[in-house]
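These are my notebook entries on one structure, kept in the order in which I looked things up. I wanted to see how its strands pair and where its charged side chains meet.

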Amino acid sequence: MRRALLLLWGNLFLAFPLFPLQMVPKGKVAVVQAAGKGGKIRSSLLSMEGELRVSSGETLFYGDGSLEVDALANQTDGQVREAWFDYSEGWFSFRVGRQIAAWGEADGVRITDVLSSRDLHTLYQDDKLAIDALRLTGSWASHSFDFYWIPMFRVARLPGDGNPLAELDAYRILSLLDRQEPERELAHGSYAVRFASRTPMIDYAFYGYWGYNDLPIVDIGKGMAVYERMGMVGFDADMPVGSFVFRMEGAWYPWQALQRKDLGGSERRNQIQALAGMDWMQGGWSLTLQYACDLVLGRTSGLNHERYEHKATISLSRSLCDDLLDLSLEAAAGLNDLDSVWHASMAYDVTDDLAIEGGWYLFLEGPERTGTYGTYRDYSMAYAKATYQF
């Protein structure tokens, strides 16, 4: 399978016309330092990213790589984030290679956005991993249709040894188990479709996915963590009204594998997730409000999931000094356990290329139970970040 993909990439590269070419290289370097309670260092990262865009007529190649030096864990990690070839002709286009796909209208909440796996190893970077996929797209008027074939499933990236987040119980348990990933065969591929339409009154999209959950199910008795098959059918819509945009999103997960409380594998239930949100922008101010809910149909007493879970998020930001200074406050609260996370930041563009940012994360547990956000209570921290782009 790997050899076939390499041959395909080689043929595409040779078929790429040599003249005339437009090449646009870009890059950035970022440094992040963070300290928690008692001045304990929680993060010390140096990351470098570079991207290259090469186009000629209807063809486009895009590549994006990164190198991360984690001084705290004494590790250096390099990866190709994206590398894809795109060709379009009239109403039809296709894209093949490693690509990031973002679905849905939710901000920081995962409802239909299941195509790209999550990157959970740090609090400070994008939380998406690219997928190795073939995407076929057809478009006409204000409508579009996408079909994805993902021959090799990519699991979520978890904190490794030396990472402070690896101290959390969930990650520590996973590190002790044999993680059984799907075999790299065509029969274990994933498939997805998306239909979208834009109208003067409302934009909407429908989604379908058949693949794998990027987080595993733990079975302590077998000493294994297994990535289970999953399906999803969903939709989203947004409607602008003056300076407001109203958003909604929903998804049905048929026979979703849910973790048992005793960590003895999973039980399958129908699961429904939904979100309603509002965006407002006016005079340099920006406000986002969201409410998300998660309903499991059937008995949940033996599951590590309540029958009805819900959360709310708020994001408020203000641009000043001709958009050179950005102040923001974000918060999310689990309404079952009343736990929360608060993130305040201030970012300033020193020059067109250099930006600095400072802020803090505050994690609060609920009055009776820790909750999802409260699990990170020992990771509250202040941070400083500098980014140089070229």
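**Entry 1: a sheet of three strands**

In which sense do β11 and strand β12 pair, and over how many bridges? I looked this up in what is a predicted model, and I found that β11 and β12, the latter covering residues 224-226, pair in the antiparallel sense over three bridges. Within this pairing, V218 stands opposite A225 in β12.

I then asked which sheet these strands belong to, and I found an open sheet of three strands in the order β8-β12-β11, with mixed pairing. The edge strands are β8, residues 178-180, and β11, residues 217-219, and each of them pairs on one side only. From one strand to the next, the twist averages 25°. As a reminder to myself, strands of a sheet pair through backbone hydrogen bonds, and they may do so either parallel or antiparallel.

**Entry 2: M224 and its surroundings**

Next I picked out M224, whose place is in strand β12. Which residues does M224 touch, if those up to four places away in sequence are not counted? I noted L177, D178 and Q180, and also I217, V218 and D219. I also checked one separation for M224: its C-alpha atom and that of Q180 are separated by 6.8 Å, although the two residues are 44 residues apart along the chain.

**Entry 3: two hairpins in a row**

I moved on to strand β14, residues 244-259, and strand β15, residues 266-282, which run antiparallel and are joined by 14 bridges. One pair that I could follow here is A257, whose bridge partner in β15 is R268. The hairpin of β14 and β15 has six residues between the strands, and in this hairpin L263 takes a positive phi near 60°.

β15 also pairs with strand β16, residues 285-297, in the antiparallel sense and over 13 bridges. For W280, I found that the bridge partner in β16 is L287. In the hairpin of β15 and β16 there are two residues between the strands, and G283 takes a positive phi near 55°.

**Entry 4: a nonpolar patch on the surface**

Which residues form the nonpolar patch on the surface? I listed W285, L316, L329, W342, W360, L362 and L364, which together have about 580 Å² of accessible area. The largest share of the patch, three residues, comes from strand β20, which covers residues 354-364.

I looked at one member, W342, more carefully, and found that this residue lies in strand β19, residues 339-349. W342 counts as partly exposed because its relative accessible area is 33%, a value that falls between the limits of 20% for buried and 50% for exposed.

**Entry 5: salt bridges**

How many salt bridges does a search of the whole structure find? The search finds 21 salt bridges, and I followed a few of them.

The side chains of D214 and R110 meet in a salt bridge, at 3.8 Å from N to O. This pair links distant parts of the chain, since D214 is in the loop between β10 (203-212) and β11 while R110 is in the loop between β5 (92-99) and β6 (131-140), 104 residues apart. Is D214 buried or exposed? D214 counts as buried because its relative accessibility is 2%, whereas R110 is partly exposed, with a relative accessible area of 26%.

D214 also forms a salt bridge with R118, and here the closest N and O atoms are 2.6 Å apart. R118 is in the loop between β5 and β6, and this pair, 96 residues apart, again links distant parts of the chain. At 22% relative accessibility, R118 counts as partly exposed.

Another salt bridge is formed by R369 with E306, with the closest N and O atoms 2.6 Å apart. Here R369 is in the loop between β20 and α3 (371-374), E306 is in the loop between β16 and β17 (308-320), and the two residues are 63 residues apart. R369 is partly exposed, with a relative accessible area of 44%, and E306 is partly exposed as well, at 29%.

My last note concerns a network: R260, D262, E267, R269 and R299 are joined into one by salt bridges that share partners.

Note on methods
Residues are numbered from 1 along each chain as its sequence is written. This is a predicted model: local features need pLDDT of at least 70, side-chain atom pairs count only at pLDDT 80 or more; totals for chains, interfaces and linings use all residues. Side-chain values use heavy atoms; hydrogens and water are left out. Two strands pair if DSSP finds at least two bridges between them. Helices (H or I, at least four residues) and strands (E, at least two) are DSSP runs, numbered from the N terminus. Axes are lines fitted to C-alpha atoms, for helices over the stretch in contact, and angles run from 0 to 180 degrees between N-to-C directions. Contact means heavy atoms within 4.5 Å. Patches are made of residues with over 30% relative accessible area and no salt bridge: like charges are joined within 9 Å, nonpolar side chains (Val, Leu, Ile, Met, Phe, Trp, Tyr) within 5 Å. Accessible areas come from the Shrake-Rupley method with a 1.4 Å probe; for residues, only the protein chains shown count as cover. A salt bridge is a side-chain nitrogen of Lys or Arg within 4 Å of a carboxyl oxygen of Asp or Glu. Buried means under 20% relative accessible area, exposed over 50%, partly exposed in between (1.4 Å probe, protein chains only).
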